[in-house]
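Visitor: I would like a close look at a single part of this protein. Please walk me through it in one go.

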Amino acid sequence: MTAIGQQTTRRGGAGRSGPLTGMALPRRRRGFTLVEVMAAIVLVAIVLPTAMQGTVLCLDLAHNARMQAQAASLAQAKLSELAATKMIQEAMQAGDFGEQWPQYKWLATVEAWDDPRLVELDVSVVWTTRGRNYDVTISTLIYDGAAGE
């Protein structure tokens, strides 16, 4: 007891004793054992490559989808331009989209339709990614009244 009347107790340390006199309680472990650390490293070594492979696959698919959407937009713009300017007299035309879109090329073909007043205009946009060729083609029918008159 202290002078004020409070009892002091010791916490922790090697001097602790259990309910039975003279028996020391085991100390709490702190940290990880070598086996636990090695098991965690093995688990990470197995899971990490698979997760990274999945991430790379997702990024590749997203890139291809973005390129395909851009190609479809460029094809629609070129189709509208050719239809509006009536530059469809030639059976086949080709070109690129300039410095802004250097990876894309276009090809336009005009074919006769069942109705002699109509022609089919196809615009294909082609690009290469990682050594593989891709393309998007859109088509429309254009009234060419001069052919049937």
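Visitor: Strand 2 and strand 3 form a hairpin; how many residues lie between them?

Guide: Five residues lie between strand 2 and strand 3 in their hairpin. Keep in mind that this is a predicted model. Let us take the hairpin first, then move outward.

Strand 2 covers residues 101–112. Strand 3 covers residues 118–129. The two strands run antiparallel and pair over eight bridges. One register point helps when you turn the model: valine 110 stands opposite leucine 121 in strand 3. Strands of a sheet pair through backbone hydrogen bonds, either parallel or antiparallel.

A salt bridge joins arginine 117 and aspartate 115. Their closest N and O atoms are 2.9 Å apart. Arginine 117 is partly exposed, with a relative accessible area of 40%. Aspartate 115 is also partly exposed, at 23%.

Now follow strand 3. Nine of its 12 residues are buried, so strand 3 is largely enclosed by the rest of the structure. Its other partner is strand 4, again antiparallel, over 12 bridges. Two residue pairs fix the register here. Leucine 118 stands opposite tyrosine 143 in strand 4. Aspartate 122 stands opposite serine 139 in strand 4. In a regular strand the side chains alternate between the two faces of the sheet.

Strand 3 and strand 4 also form a hairpin, with two residues between the strands. Look at arginine 130, in the loop between strand 3 and strand 4. Its phi is near 50°, a positive value in a residue other than glycine. Arginine 130 counts as exposed, at 65% relative accessibility.

Arginine 130 also has a charged partner. It forms a salt bridge with aspartate 60, and the closest N and O atoms are 2.5 Å apart. The pair links distant parts of the chain: arginine 130 sits in the loop between strand 3 and strand 4, aspartate 60 in helix 1, 70 residues apart. Aspartate 60 counts as partly exposed, at 26% relative accessibility. Side chains of opposite charge can pair when their charged atoms come close.

Step back to the sheet. It is an open sheet of four strands in the order 1-2-3-4, with antiparallel pairing. Strand 1 (92–97) and strand 4 (132–143) stand at the edges. Each has a single partner strand, so one side of each is left without a neighbour in the sheet. The twist averages 20° from one strand to the next. Helix 1 packs on this sheet and touches strand 1, strand 2, strand 3 and strand 4. Its direction makes about 145° with that of strand 3.

Helix 1 spans residues 34–84. Asparagine 64 is found in this helix. It touches Thr129 and Tyr134, not counting residues up to four places away in sequence. Is asparagine 64 buried or exposed? It counts as buried, because its relative accessibility is 18% and the cut-off for buried is under 20%.

Further along helix 1, the side chains of glutamate 81 and lysine 78 meet in a salt bridge, at 3.3 Å from N to O. These two residues are three apart in helix 1, so about one helical turn separates them. Their exposure is worth checking on the model. Glutamate 81 is partly exposed, at 40% relative accessible area. Lysine 78 counts as buried, at 10%. A search of the whole structure finds three salt bridges.

Methionine 38 also belongs to helix 1. It is partly exposed, with a relative accessible area of 44%. Methionine 38 helps make a nonpolar surface patch of about 560 Å², together with Phe32, Leu34, Val37 and Ile41.

Finally, place the hairpin in the whole chain. The secondary structure comes to two helices and four strands. From the N terminus on, the elements run α-β-β-β-β-α. The chain has 149 residues, and 20% of them count as buried. It exposes about 11800 Å², with 59% of that supplied by carbon and sulfur atoms. Among contacts between residues at least 6 apart in sequence, 39% join residues at least 24 apart.

How values were computed
Residues are numbered from 1 along each chain as its sequence is written. This is a predicted model: local features need pLDDT of at least 70, side-chain atom pairs count only at pLDDT 80 or more; totals for chains, interfaces and linings use all residues. Side-chain values use heavy atoms; hydrogens and water are left out. Patches are made of residues with over 30% relative accessible area and no salt bridge: like charges are joined within 9 Å, nonpolar side chains (Val, Leu, Ile, Met, Phe, Trp, Tyr) within 5 Å. Accessible areas come from the Shrake-Rupley method with a 1.4 Å probe; for residues, only the protein chains shown count as cover. A salt bridge is a side-chain nitrogen of Lys or Arg within 4 Å of a carboxyl oxygen of Asp or Glu. Buried means under 20% relative accessible area, exposed over 50%, partly exposed in between (1.4 Å probe, protein chains only). Two strands pair if DSSP finds at least two bridges between them. Axes are lines fitted to C-alpha atoms, for helices over the stretch in contact, and angles run from 0 to 180 degrees between N-to-C directions. Contact means heavy atoms within 4.5 Å.
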